[in-house]
Amino acid sequence: MMMLLTSTLVFADDWKWDEKTRDAAYEAPNSKFQKKWYINDQYETTYQFGANGVVTSTLLVKNDHFDARIVITLTGKYTRNKDHLNLTWTGAQAKPYQADLDAMSARNRDNVLQSLKSIGHHFTSNYKNKTEYFLILRLDDECLIVTTFNPQTKLFNDINWNTLFNESHKKKEKERAAQLAVEKARQDSIRQVQEAEAKARREAEEKARREAEEKAKREAAEKARLAEETRIKAENEYWARIGIEKKAAAEKAAAEGVKLVDLGLSVRWADRNIGASSPDDYGLKFTWGEPISSEYGKYKPAIKLQKGAVLDSNSDPAIVRWGNGFHVPTPEQWKELFEKCTIVQSKNGVRVTGPNGNFIFIPHKDNSKYVRCWTNTMSSENKKMALESCITLPSPQGNDSGKRILNYSINESESNILLPIRAVME
């Protein structure tokens with residue numbers, strides 16, 4: 001047991017402030033501060049200087065005679081002067097390091113505790129009123145404890161001394177502060193560059209978006225211009241082809257609101273019947289061969305009635321009303337309309353849609369189940385019969401509608417048939 005005591009006392013009297021010294025927290029003079037250092041990586045000492053002159057030293061000691069480290073706590077007083085720090089120890093306490101005890105078996109743990117009891121009195125008594133001196137390099141903005149020394153001989157106990165808060169520590173702190181400042185500047189620079197790049201990217205994207213919009217507008221305007229040029233060119237070509245008379249006739253019909261609709265067929269169809277105020281208006285009624293609308297009465301055709309006769313410029317109501325270019329559709333033109341167009345029943349008539357998607361509306365009269373119009377041709381079998389177009393609407397039983405060309409009587413001795421006329425232009 002004395003070997004343990006002697007080893008411990010040697011350690012207490014000769015603190016090795018070697019190159020393993022570690023920097024610790026420090027506050028201004030006359031306030032509390034703390035120092036911790038190590039010896040051979042086995043012993044750890046912590047000094048804590050309180051503001052009221054109380055000092056506590058905690059030593060964690062490893063000894064070959066124990067399986068556990070020993071925690072030695074010294075308590076005492078300290079005073080300062082311009083030259084040194086004077087520590088007077090007034091008490092000591094030793095106990096095993098709890099973490100090491102917890103790792104032991106119960107038997108070994110009891111042995112360690114018993115051994116400490118046998119040396120505790122000697123350990124404590126040897127540290128009663130023990131005084132040590134530490135030379136202080138300066139006491140202004142930093143307290144630098146150099147080493148222990150003998151006040152009688154004025155000699156250092158250990159020539160290889162180290163400082164508690166030394167210049168290298170200050171240098172490291174300054175270097176770290178400088179590094180932090182550089183890093184902050186670098187991060188600020190990176191952030192500024194990133195913000196500048198993001199701003200430039202947003203501006204570029206906004207510029208690209210505006211340019212794309214302007215380009216789309218220009219392309220749309222150019223497309224509309226080309227479409228209009230194409231339409232005007234086609235219109236001019238059409239009128240150049242059909243001649244000035246036909247153009248004048250179309251303009252005359254247009255004055256009554258009539259439009260020519262291209263259904264994608266061999267002729268253009270008027271969008272309404274002759275004399276109609278709108279496409280769904282029935283318009284005027286004609287007897288075949290009479291150029292002027294009439295009512296039931298005496299029949300006065302303007303053409304000689306004979307088999308296969310075709311309305312001429314004097315008897316065709318479309319030519320008489322608007323001029324050359326228009327005419328009553330031929331049976332073949334009606335057949336073309338029936339065969340190439342889609343005909344769907346609508347309110348008060350039928351909607352006829354051409355292959356190109358354009359359409360016209362043909363009304364019927366007084367909720368009739370037939371949509372009827374004149375052709376420009378007499379029957380080839382009977383000089384008292386003219387051909388009409390007739391679209392049969394569905395019956396109440398749901399039968400499909402049909403479309404066909406029919407003969408119809410125009411005998412002078414009977415009430416003459418009155419039907420509307422839908423004009424066409426080549």
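1. Let me start with S315, which has 0% relative accessibility and so counts as buried. Keep in mind that this is a predicted model. S315 sits in the loop that runs between β10 (268-270) and α6 (317-322). Its side chain has a partner: a polar contact of 2.9 Å links S315 to the side chain of D312.

2. N273 belongs to the loop between β10 and α6 too. At 1% relative accessibility, N273 is under the 20% cut-off, so N273 counts as buried. What does the side chain of N273 make a polar contact with? The partner is the side chain of R422, at 2.9 Å.

3. Now the strand β10 itself. It is part of an open sheet of four strands, ordered β9-β10-β18-β11 and paired antiparallel. The edges are β9 (260-261) and β11 (326-327), each of which pairs on one side only. β9 and β10 run antiparallel and are joined by two bridges. Across that pairing, V261 stands opposite W269 in β10.

4. W269 also turns up among the aromatics, where W269, W334 and F338 make up one cluster. For the rings, here is how to read the numbers: an aromatic pair is described by the distance of the centres and the angle of the planes. The model has three aromatic pairs by the rule used here. One of them is W322 with F326, a tilted pair with 4.9 Å between the centres and 55 degrees between the planes. Why does W322 count as buried? Its relative accessible area is 3%, and the cut-off for buried is under 20%. F326 is buried as well, because its relative accessibility is 1%.

5. Another tilted pair is W334 with F338, at 5.9 Å centre to centre and with 40 degrees between the planes. Both residues lie in helix α7 (residues 331-340), four residues apart, which is about one turn of the helix. That spacing is worth a thought: an α-helix has 3.6 residues a turn, so residues three or four places apart point the same way. As for exposure, W334 and F338 are both buried.

6. Helix α5 (residues 244-254) is worth a look for its buried positions, namely K246, A249, A250 and A253. Do they sit on the same side of α5 or on opposite sides? They cover an arc of only 100 degrees around the axis, so they are on the same side of α5. Note that a lysine, K246, is in that buried set along with the alanines.

7. There is a second open sheet to check, this one of three strands in the order β12-β13-β14, again with antiparallel pairing. Its edge strands are β12 (342-346) and β14 (359-363), and each of these pairs on one side only. From one strand to the next, the twist averages 25 degrees. β12 pairs with β13 (residues 349-353) in the antiparallel sense, over five bridges. To find the register, start from T342, whose bridge partner in β13 is T353.

8. Last, a charge and a ring. Which residue lies over the face of F359? It is R351, at 3.5 Å from the ring centre. R351 falls within the residue range of β13 (residues 349-353), while F359 is in the edge strand β14 (359-363).

Methods. Residues numbered from 1 in each chain as written. Predicted model: local features only at pLDDT ≥ 70, side-chain atom pairs only at ≥ 80, totals over all residues. Heavy atoms only, no water. Phe/Tyr/Trp six-rings, centres within 6.5 Å; stacked < 30°, edge-to-face > 60°. Buried < 20%, exposed > 50% of the residue type's maximum accessible area, 1.4 Å probe, protein only. Lys NZ or Arg CZ within 6 Å of the ring centre and 35° of its normal. Arc of directions from axis to C-beta. Pairing = 2+ DSSP bridges. Axes fitted to C-alpha atoms, helices over the stretch in contact; angles between N-to-C directions. Polar contact = N/O pair within 3.5 Å; in protein donor to acceptor, adjacent residues only side chain to side chain.
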